[in-house]
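Subject: Structure for you to look at

Hello,

Here is the structure I said I would pass on. Please keep it open while you read the notes below it.

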Amino acid sequence: MGGAAPVAGEDPAMSRILRRETHSSRAGAAGIAAVLVIILCVYALLESVVRAIGQPPWLIDPGTAAERIIALPSGISPLLLGASGAVIAMVGLFFFLHAVLPGRRARHLLRDPRTAVVVDDEVLASALARRARTAANVTQEQVMVVVSQQLVVVNVRPTSGSRVSEEAVLVAVQAELEEMSPVPMPAVRVNLASSGVIGA
């Protein structure tokens, strides 16, 4: 049967494990939100109990707090109101982004029909940099590779007086990627620096 080799994670039994390895957990943000809500509810309950038994409030009476909230923005300085609004907006944005963004880790799956292979993008970058160095005939310090989910950027600083073929580097890196078959398969871009490095 033709086509690319399968990813072990395409097996439903492995998909949950691989998703956990390639996506960041939402447990931290969910835990923070739960703790904040619990603290707020416990405080409101305690203030209500204190008011019910006729004792003075700990911080502020719930009825007074509700009246002040309804009366906003009167009774509060614009500077304090703006700062409070900015803090609340930032907290809300933090939880919103955690909820809607994919939260992918810097990792790729490798196609292998027998086992699940998860590799860090730094490992991919190291292997691609080695292949790019060989194709460009330069030293380790003259090549930097950055790997993201959809793109591989290869930055090469040639040795002064030596010509580097951008096409040769591109073909070599693409060949290495095809051998590894990461999922998703990123595109490749090669950048040759305009200034060269003086050879040793």
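Glu176 has a relative accessible area of 13% and is buried. In these notes, buried means under 20% relative accessible area, exposed means over 50%, and partly exposed is in between (1.4 Å probe, protein chains only).

This is a predicted model, in which local features need pLDDT of at least 70 and side-chain atom pairs count only at pLDDT 80 or more, while totals for chains, interfaces and linings use all residues. Residues are numbered from 1 along each chain as its sequence is written, and side-chain values use heavy atoms, with hydrogens and water left out.

Overall layout

The chain has six helices and six strands. Helices (H or I, at least four residues) and strands (E, at least two) are DSSP runs, numbered from the N terminus. Read from the N terminus, the order of elements is α-α-α-α-β-β-α-β-β-α-β-β. Of the 200 residues in the chain, 24% are buried. The chain exposes about 13400 Å², and 64% of this comes from carbon and sulfur atoms. Accessible areas come from the Shrake-Rupley method with a 1.4 Å probe; for residues, only the protein chains shown count as cover. Contact means heavy atoms within 4.5 Å. If you take the contacts between residues at least 6 apart in sequence, 61% of them join residues at least 24 apart.

Salt bridges

How many salt bridges does a search of the whole structure find? There are two, where a salt bridge is a side-chain nitrogen of Lys or Arg within 4 Å of a carboxyl oxygen of Asp or Glu. One joins the side chains of Arg131 and Glu176, at 2.6 Å from N to O. This pair links distant parts of the chain, since Arg131 is in helix H5 and Glu176 is in helix H6, 45 residues apart. Another joins Arg131 to Glu179, with the closest N and O atoms 3.6 Å apart. This pair also links distant parts of the chain: Arg131 is in H5 and Glu179 in H6, 48 residues apart. The shared partner puts Arg131, Glu176 and Glu179 into one network. Arg131 counts as partly exposed because its relative accessibility is 25%. Glu179 is exposed, at a relative accessible area of 60%.

The sheet

Strands of a sheet pair through backbone hydrogen bonds, either parallel or antiparallel. Here, two strands count as paired if DSSP finds at least two bridges between them. An open sheet of three strands has the order S3-S4-S6, with mixed pairing. Strand S3 (143-147) and strand S6 (187-192) are its edges, each pairing on one side only. Neighbouring strands of this sheet are turned against each other by 15° on average, direction ignored. For such angles, axes are lines fitted to C-alpha atoms, for helices over the stretch in contact, and the angles run from 0 to 180 degrees between N-to-C directions.

S3 pairs with strand S4 (residues 151-156) in the antiparallel sense, over five bridges. The two strands form a hairpin with three residues between them. Met144 has Asn155 in S4 as its bridge partner, and Val143 stands opposite Val156 in S4. Which side chains of S3 are buried? Those of Val143, Val145 and Val147 are buried and point to one face, while Met144 and Val146 point to the other face and are not buried.

Two helices lie across the sheet strands. Helix H5 (residues 121-136) crosses S3 and S4, at about 145° to S3. Helix H6 (residues 166-180) crosses S4 and S6, at about 150° to S6.

The hairpin loop

Gln149 is in the loop between S3 and S4. With 15% relative accessibility, Gln149 counts as buried. Leaving out residues up to four places away in sequence, Gln149 touches Arg104, Arg105, Arg107, His108, Asp121, Pro184 and Pro186.

A surface patch

Ile38, Val42, Leu46, Trp58 and Leu59 form a nonpolar patch on the surface, with about 540 Å² of accessible area together. Patches are made of residues with over 30% relative accessible area and no salt bridge; like charges are joined within 9 Å, and nonpolar side chains (Val, Leu, Ile, Met, Phe, Trp, Tyr) within 5 Å. Ile38 is in helix H2 (residues 27-52). Ile38 counts as exposed because its relative accessible area is 52%.

Regards
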